[in-house]
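Let's take a walk through this structure together, going from the ligand outwards. Keep the 3D view open beside you as you read.

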Amino acid sequence: MLLRYKIGGGFLLFFVALLIVLTFVLSHTSACKPVLPVSSGAESMKALVYNCYGGPEVLAYTDVEKPVPAADEVLVRVIAAGVNPLDWHYMRGEPYVMRAMGIGIGAPLDSRMGVDFAGVVESVGMSVTEYQPGDEVFGGGPGAFAEYLVVPEDRGIAKKPANISFEQAASVGIAGVSAMQALRDYGKLQSGQKVLINGASGGVGTFAVQIAKIMGAEVTGVCSTRNVDMVKAIGADHVIDYKNENYLESGEQYDLIVDMVGNHPLLSNRDVLTPDGKFVIVGGASGNWLGPIARPVGAAIISPFVEQEFTMILAHLTKDDVQALADLMESGQLTPVIDRHYELSEVADAIEYSETGRARGKIIIDIGQATE
Ligand SMILES: NC(=O)c1ccc[n+]([C@@H]2O[C@H](COP(=O)([O-])OP(=O)(O)OC[C@H]3O[C@@H](n4cnc5c(N)ncnc54)[C@H](OP(=O)(O)O)[C@@H]3O)[C@@H](O)[C@H]2O)c1
């Protein structure tokens, strides 16, 4: 009996010690290292880089080596880039679980910043067949806050529709794909169904409202007073101004709720979902430790016990979905909403603005000219 207690106590101590070490390792932030100079003979470009986690002050606008495309890669001269909350999560290395998931423990493994881009193909690797120099393209890839980036041709890249500007195309990547996957793949939205978009005025929300309309749904957007007209203008059938009304008290029932905000307990949404409705969590989790895990874990725990479905999405920038969004823009059904513009040297300010959570549509970084 005594031995059993001793073994149990030993295990408990071991797990507590492990937890303390893990907590320390994951939350530890190493000191910033200086940006390495461009090696002699190499071509350089301007880019935004970071070598340590922290606030916008860790971002450096500097000269780095211009990338060279591998055999399967496309080298893009970036005309515009789009900002996402993901950028400041990378910058801060928060939530800490991201560090364990591969972005780097203590310091970022990859110093490049930015994902969404639009630009002109400069050159292509030997095995690239789909693109050639001069093609206007857009999509997502690591290092979009730079004059050039390389993207494998089979990843999130597509030709830019001629009727869409570079800045509009640069705004699409993560937000557009997340909205599409939330509605179509996770929400299984059908024509004629009622969908509520919580956070309708943000990057993902402005795409979600439009895509849900294209899919034939009856769309309710939730936003603040100052954004009501904009959310109506992009197609919402109904708008709930969260400053004056709580959607939980609307008396309506929705087949699908897509949630970018996370401001209401999961279970309280059951009353505004149809009996077999779906609740898709896109974002809104706050905090560095338990906050981001609490809602998805809560969703996984709730779902088996209720008829309604609660899930969290992890969007993937696929070639097919970037192409699908290109098609919707080309046909004039989908038009990105742009909020503010910044220069490449001002990315820190752009990210600071994104962190306020007050963006109306997308934030754009202007980097190059369409014609050199
Ligand atoms: N899971 C994934 O794969 C995935 C993919 C993309 C994004 N995300 C996450 O999804 C979230 C949204 O992304 P985003 O790009 O849309 O962010 P965003 O552009 O920063 O969203 C800002 C918008 O949220 C609105 N908002 C703030 N509080 C609100 C409330 N209580 N009710 C309704 N609207 C409110 C703001 O309007 P007001 O200023 O008027 O309040 C603003 O227009 C972020 O947390 C992001 O990290 C997750």
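Around the ligand sit 32 residues, and those that come nearest are P85, G202, G203, S224 and G283. Three elements give two or more residues each to this shell: α5 (173-186), α6 (203-214) and β9 (218-223). Please keep in mind that you are looking at a predicted model. What is the chemical make-up of the shell around the ligand, sorted into nonpolar, polar and charged residues? Polar residues number 15 and nonpolar ones 14, while three are charged.

Next, step back to the domains. The domain assignment of the protein gives domain 1, which covers 44-172 + 337-366, and domain 2, which covers 175-312. Each of the two domains supplies at least three residues to the shell around the ligand. Between the C-alpha centres of domain 1 and domain 2 you would find 27 Å. Where the domains touch, 13 residues of domain 1 are in contact with 15 residues of domain 2. On the domain 1 side of this contact, seven residues are nonpolar, three are polar and three are charged.

Now for the sheet. As a reminder, strands of a sheet pair through backbone hydrogen bonds, either parallel or antiparallel. Here, six strands form an open sheet with parallel pairing, and their order is β10-β9-β8-β11-β12-β13. At the edges are β10 (238-241) and β13 (309-312), each of which pairs on one side only. On average, neighbouring strands of this sheet are turned by 15° against each other, direction ignored.

Let's follow β9, the strand that also helps to line the ligand shell. This strand pairs with β10 in the parallel sense over four bridges, and T220 stands opposite H238 in β10. How does the chain get from β9 to β10? It crosses through helix α7 (residues 228-233), making a right-handed β-α-β crossover.

Elsewhere in the sheet, β11 (residues 254-259) and β12 (residues 273-281) are joined by five bridges, again in the parallel sense. If you would like a pair to look for, V258 stands opposite V280 in β12. Lying across β12 and β13 is helix α8 (residues 291-302), which runs at about 150° to β13.

To bring the tour back to its start, look once more at the ligand: residues from both domain 1 and domain 2 take part in the shell around it, and β9 is one of the elements that give two or more residues.

Conventions: Residues are numbered from 1 along each chain as its sequence is written. This is a predicted model: local features need pLDDT of at least 70, side-chain atom pairs count only at pLDDT 80 or more; totals for chains, interfaces and linings use all residues. A residue is near a molecule or strand if its C-beta atom, placed from the backbone, lies within 6 Å of it. Ala, Val, Leu, Ile, Met, Phe, Trp, Tyr, Cys and Pro count as nonpolar, Asp, Glu, Lys and Arg as charged, and the others, Gly among them, as polar. Domain bounds come from an automatic or database domain assignment. Two residues are in contact if their C-beta atoms, placed from the backbone, lie within 7 Å. Two strands pair if DSSP finds at least two bridges between them. Axes are lines fitted to C-alpha atoms, for helices over the stretch in contact, and angles run from 0 to 180 degrees between N-to-C directions. A crossover is right-handed if, with the strands pointing away from the viewer, the path from the first strand over the helix to the second runs clockwise.
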